[in-house]
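Hi there,

Here is the structure I promised to pass on to you. Have a look around in the viewer, then read my notes below.

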Amino acid sequence: MKADIKLVAGNSNRALAEAIGAYLSLPLAKAQVRRFADMEIFVEIQENVRGQDVFIIQSTSFPTNDHLMELLIITDALRRASAKRITAVIPYFGYARQDRKAGPRTPISAKLVANLIAQSGVDRILTVDLHAGQIQGFFDIPTDNLFAAPLMARDIKEHLDTSNTMIVSPDVGGVVRARALAKRIDAPLAIVDKRRERAGESEVMNIIGDVSGRSCILVDDIVDSGGTLCNAAEALLANGAKEVYAYITHGVLSGGAVARIASSKLKELVLTDSIQPTEAVKVAKNIRVISVATLLGEAIGRTATESSVSSLFD
Ligand code: R5P
């Protein structure tokens, strides 16, 4: 069966693609993704894919638009080369935060991007920790949204004393995700409730739950500027938390986020490699990266053999 699978990597996260290939004992298909002088993207698949089950591994991470366009063009090349089925493995689905009209005359870009991907010829999607579960419904093709929670729970049990831990959602929107992890490690849950009572007044962080003396673990899907994370960590310590850790799936880490986190009071931030870690992330003393390669490799194998993917989380 595996002989019929092809793995094709875009340029967004070659290291993860190679790790997935190693898990499946499959080399990456020979393909080139190049740029013309004007930065147009050109793709050449350099081996036969006719009638094959092809998995493109590409996060739509920074530079988001380039990586998205690579994904669309790789898909077009594979479709025209008569691949039997094309699955876009998108460990980090960028644009997911634009999942509703945030104000009048604003776009729902997550839906637009989902449409673009499906229209380019992708048959299935495999992704990890979508910003909101409902985004799955933006794709009018089968979509498996894998969870990093089992990996995180295992890592927490291996590295921390769970007898005194408390899982914390850094905002009200992340409660479902945080509660799922709390359940897996059998820990209580607290919530940071950010409020601006009146326009022009600064935000107040109320903590719902008693965190005093606890080792707190902040859980989120994305860390971008690091503002949400560092502010929540400050608020927890101000409310008597003993120490603060964080487990976050997607390390977007724009601008000075890594420096901000490195100089924060966070004991440790654990990220996954859904987005390729930069050198700054690799050398940061309080950031550690765990891999989703096995999770994705297993899901790819199960998709290829038409076995259950959801049972991965039982
Ligand atoms: C928001 O809903 C997300 O779950 C993250 O909390 C947010 O994207 C983090 O952004 P930043 O690191 O810029 O505060």
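Let's start with the walls of the largest pocket: α4 (149-159), α5 (175-185), β11, α6 and β12 (243-251) each put at least two residues into its lining. Keep in mind as you read that this is a predicted model. Among those elements, β11 provides the largest share of the lining, with six residues.

In total, 36 residues line the largest pocket. If you want to find its centre on screen, look for Leu 130, His 131, Gly 174, Arg 177 and Asp 221, which lie nearest to it. The space inside comes to about 760 Å³. Sorted by type, the lining has 16 nonpolar residues, 11 polar ones and nine charged ones.

So what takes up the space of the largest pocket? That would be the ligand. The residues around the ligand are Arg 97, His 131, Asp 171, Asp 220, Asp 221, Ile 222, Val 223, Asp 224, Ser 225, Gly 226, Gly 227 and Thr 228. In this shell, two residues are nonpolar, five are polar and five are charged.

Which elements supply at least two residues each to the shell around the ligand? They are β11 (215-223) and α6 (227-238). Of the shell residues, four come from β11, which gives the most.

Now zoom in on the ligand's oxygen atoms. Asp 220 has a polar side-chain atom 2.6 Å from an oxygen atom of the ligand. For Asp 221, a polar side-chain atom is likewise 2.6 Å from a ligand oxygen. Ser 225 joins in too, with an N or O atom of its side chain 2.6 Å from an oxygen atom of the ligand. As for how much of the ligand is hidden, it has 380 Å² of accessible area on its own, and the protein covers 79% of that.

There is also an enclosed space to look for. Rolling a probe the size of a water molecule over the atoms shows where empty space is left. How many cavities of 30 Å³ or more does the count give? It gives one, and the largest cavity holds about 40 Å³ of space. Its lining is made up of Tyr 92, Phe 93, Ala 96, Thr 127, Val 128, Asp 129, Leu 130, His 131, Asp 221, Ile 222 and His 250. Two elements, β6 (124-128) and β11, give two or more residues to that lining. By type, the cavity lining divides into six nonpolar residues, three polar and two charged. You'll recognise Asp 221 here: it is one of the residues lining the cavity, and it also belongs to the group surrounding the ligand.

Two backbone details are worth a click as well. The peptide bond running from Phe 62 to Pro 63 is cis, and its omega is near -10 degrees. You'll find Pro 63 in the loop that connects β4 (53-57) and α2 (64-80). The other detail is Tyr 95: this residue is not a glycine, yet its phi is positive, at about 80 degrees. Tyr 95 sits in the loop between β5 (85-90) and α3 (109-120).

Have fun exploring!

Note on methods:
Residues numbered from 1 in each chain as written. Predicted model: local features only at pLDDT ≥ 70, side-chain atom pairs only at ≥ 80, totals over all residues. Heavy atoms only, no water. Near = heavy atom within 4 Å. Polar contact = N/O pair within 3.5 Å; in protein donor to acceptor, adjacent residues only side chain to side chain. Areas by Shrake-Rupley, 256 points an atom, 1.4 Å probe, with all protein chains shown as cover. 1 Å grid on protein atoms, 1.4 Å probe; cavity = no way out; pocket = protein on both sides within 12 Å on 5 of 7 lines; lining within 4 Å. Sits in = over half its atoms within 2 Å of the grid points. Nonpolar A, V, L, I, M, F, W, Y, C, P; charged D, E, K, R; others polar. Points joined across faces, edges and corners; volume = space filled by probe spheres on them.
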